[in-house]
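Welcome! Work through the exercises below at your own pace, trying each task before you read its solution.

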Amino acid sequence: MSTLGKITRRTFVIGSAAIAGGVLFGVYKYKQPYPNPLKRDLANGEATLTPYVLINAEGVTIIAPRAEMGQGVRTSLAALVAEELDIDVQSVTVEHGPASKAYFNGAILEEGAPFPPYDNSTMANRARAFMHVPAKFLGAQITGGSSSTVDAFEKMRMAGATAREALLLAASAKLNVAKNTLNTDNGHVVTQEGLRIAYTTLASLAASIELPEDVTLKPRSEWKQIGRSIPKVDMVEKCTGTATFGIDVQQSDMLFATIKVNPHLGAKLNSFNAQQAKTMKGVKHVFAIGDIGVAVVATNTWYAFKAADAITFDWAKTAYAQTTEGLFDSAVAAINDEHQDSQNRDDGDVDALIGQAGDATINREYRAPLLAHATMEPMNATALLKDGHLDIWAGNQSPTFALGEAARVSGLAEENIRIHTPYLGGGFGRRAEMDFIVYAVMVAKQLEGTPVKVTWTREEDMTHDNYRPFAIARFQGVLNGSQISALNVKISSPSVMESQMGRVGLSIPGPDTTIVQAAWDQAYMIENYRVTGYRVPIGIPVSSWRSVGASQNGFFCESMMDELAFEAKVDPVEMRLSLITHQPTRNVLQAAAEMADWGRKRPPNQGLGVALVTSFGVPVAQVIEVENTPKGIKILNVYVAADVGIAIDPSNIDAQLISGVNFGLSAAIMSEITLKDGKVEQTNFHNFDALRMYQAPAIHTKIIENGERIKGIGEPGTPPAAPALANAIFAVTGMRMRDMPFNKHIKFV
């Protein structure tokens, strides 16, 4: 087990920075709240009690300031405020709200704390809490890292409780009665005599009252909405097609544009010839955007697409590897002391055990490819620069980053820019990037006074993503009878944090925990156990992809665990349980095994595979049941158990787990981004596919609440899918999948 004394100096930099941040800026400054951004645009008759509550004559609006990209966060976050405000979430309006540091995500850096999730010691919890200090000063309003509910759980309940208290004080002053004689009920203050006063009539008075600093949250026994499956507040508009996504944004007299950017990612545009394109129907303008590409502006998006195809380009080349093989060669070359990034776990004496084992050491290597995010809604953004003000409409995962990039590109002060965040047609980390917003601002600058929607073609989107990084893992395992006596893990990959944060001008000190995420921090208690991360020098841009490093490391580590169990001739579930003392983690593994009836004898053409991955603090176990048919492997069932600590909305967690499994299976079976001549080869879903309806298995879930802390579930359902499937394929065919996608080696039906 890792101890603080074994954590390397570089590893602790982030934790130290958190502590230093509090000291440097002072506790007072840290506790000082950001201004309420809703006050900026209040209309007559509107009152705001906290940054999350706005009341006018029409009713109550709750701000849920995280991107709604299908994960149900709009409903879950609004329910936290509504619970304490004592109002039915179905009766309020829910909005995303403006870009503001007031909505900073305090939990986003918790994963950087140098303690594994099963460590619930005082020091570990203090380190996690300290990570909120730099997060506060960073002020990033960001949706990612499965952190939305973790960040909001207390913060937004406090906002609701504070607003309720202010309304009670207002009613007390209005009626000249003691506050303790009043109560609330579904949007009303209620007197002992039964008089009901709507919040809407008290809001203005409540807004003039100094907000109380100490409010009491409801005990869990009094929750009416949290912990229950409730209808999504956006269900009707999404089901009726009236919901507004970025692609649906319309403005008066709007023009439509598309872009072509160098397919050698990050390289320059040498020259272009648009003579034919400028004469085509509907085309208004063709111009360069910086030195990286060209924008075509037309009277509709289709005309812009067709004209862009008629342009010829001379693109500069990049210095990074020009082929897929070259990328993996760079990963192999980085496995050395010079490129060592972290060694968060180094228990026992791994070298001694491996030295003693000699040729008996079990050596394995696994590989994971680049992956695109492939959101169903292609990248798009609408921008209007007029009279010194800039408006941007774009589905995005970080409005404050968008604000900063828009200010940088436009030259305007941030207070003159508004970021409007509609629904996202998929995100998975892609819309935490800013390129599609930056290009829209660049086009808007050329067309000042005219709103313009910039839409990427699917092909432009697929070939200009910031990809899930490629990675290689090398293992050395030593067995002592039925037990693992030593395990040495080396993982080599580009740094997501260096690449992604570098694009918005941020430098994250210390090692990148995403390189070894879900490898060093698992609950396995192996006496001699080392995990080392190696950083491949940045080349092709990489980014966060659903579950980030856990997406590939879960496959690596849980496949190796299965290989060791096979070599030791022991049951893979029993081997895992023999290595785990953390009871919540044991519970999810046992639950998944029980759901699948693990020990039941099956026909010879059917088999089971198991995987257990803790990511973002959530242990998730999956058992996948497959059948080896004459036409290929068919996935029959997936059994999933997860422990989120506290389930805010069980039906939403169920949906997130099902989504995560299908996402993970798609990547495992059929997804891969490859390079040729320095350019991405895949251009659309015909060669970067995902599971179709007929391929999707039945997925059975069980949600457990034994965990020590509330955790998010947007990503943890994804990592176990690939290894559980690989292990099931081995069980039924004897073929071991050591690189993805699996359809390079075996057929699926």
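Contact here means heavy atoms within 4.5 Å. Keep in mind as you go that this is a predicted model.

**Exercise 1. Glutamine 522 and its surroundings**

Task: Find which loop holds glutamine 522, and decide whether glutamine 522 is buried or exposed.

Solution:
- Start with the location: glutamine 522 sits in the loop between helix H15 (496-502) and S21.
- Next, look at its relative accessible area, which is 5%. Buried means under 20%, so glutamine 522 counts as buried.
- Then list the contacts. With neighbours within four places in sequence left aside, glutamine 522 is in contact with Tyr118, Arg345, Leu612, Val613 and Thr614.
- Finally, zoom in on threonine 614: its backbone nitrogen lies 2.8 Å from a polar atom of the glutamine 522 side chain.

**Exercise 2. Strand S20 and its partners**

Task: Work out in which sense, parallel or antiparallel, S20 pairs with S19 and with S21.

Solution:
- Take strand S19 (residues 471-480) to begin with: S19 and S20 pair in the antiparallel sense, over 9 bridges. As an example, alanine 473 stands opposite isoleucine 491 in S20.
- Now inspect the turn. The hairpin of S19 and S20 has 2 residues between the strands, and glycine 481 takes a positive phi near 70° there.
- Move on to strand S21 (residues 528-536), which pairs with S20 in the parallel sense over 9 bridges. Here asparagine 488 has arginine 530 of S21 as its bridge partner.
- To finish, check burial: 10 of the 12 residues of S20 (residues 483-494) are buried, so this strand is largely enclosed by the rest of the structure.

**Exercise 3. The two faces of S17**

Task: Sort the side chains of strand S17 (residues 417-420) by the face to which they point.

Solution:
- One face has Ile417 and Ile419, which are buried.
- The other face has Arg418 and His420, which are not buried.
- For the pairing, strand S16 (residues 389-393) runs parallel to S17, and 4 bridges join them. Leucine 390 has isoleucine 417 in S17 as its bridge partner.

**Exercise 4. The second largest pocket**

Task: Describe the lining of the second largest pocket: how many residues form it, and which helix gives the largest share?

Solution:
- The space in this pocket is about 1,700 Å³.
- Its lining has 43 residues, with Lys31, Pro33, Phe104, Lys155 and Met158 nearest the centre.
- H6 provides the largest share of the lining, 8 residues.
- By character, the lining residues divide into 22 nonpolar, 8 polar and 13 charged.

Key:
Residues are numbered from 1 along each chain as its sequence is written. This is a predicted model: local features need pLDDT of at least 70, side-chain atom pairs count only at pLDDT 80 or more; totals for chains, interfaces and linings use all residues. Side-chain values use heavy atoms; hydrogens and water are left out. Buried means under 20% relative accessible area, exposed over 50%, partly exposed in between (1.4 Å probe, protein chains only). Two strands pair if DSSP finds at least two bridges between them. A polar contact is a pair of N or O atoms within 3.5 Å; within protein, one must be able to donate a hydrogen and the other to accept it, and residues adjacent in sequence count only if both atoms are side-chain atoms. On a 1 Å grid over the protein atoms alone, a cavity is a set of points where a 1.4 Å probe fits but cannot get out, and a pocket is an open set with protein on both sides within 12 Å along at least five of seven lines; lining residues have an atom within 4 Å of a point. Grid points are joined across faces, edges and corners, and a volume is the space filled by probe spheres set on the points. Ala, Val, Leu, Ile, Met, Phe, Trp, Tyr, Cys and Pro count as nonpolar, Asp, Glu, Lys and Arg as charged, and the others, Gly among them, as polar.
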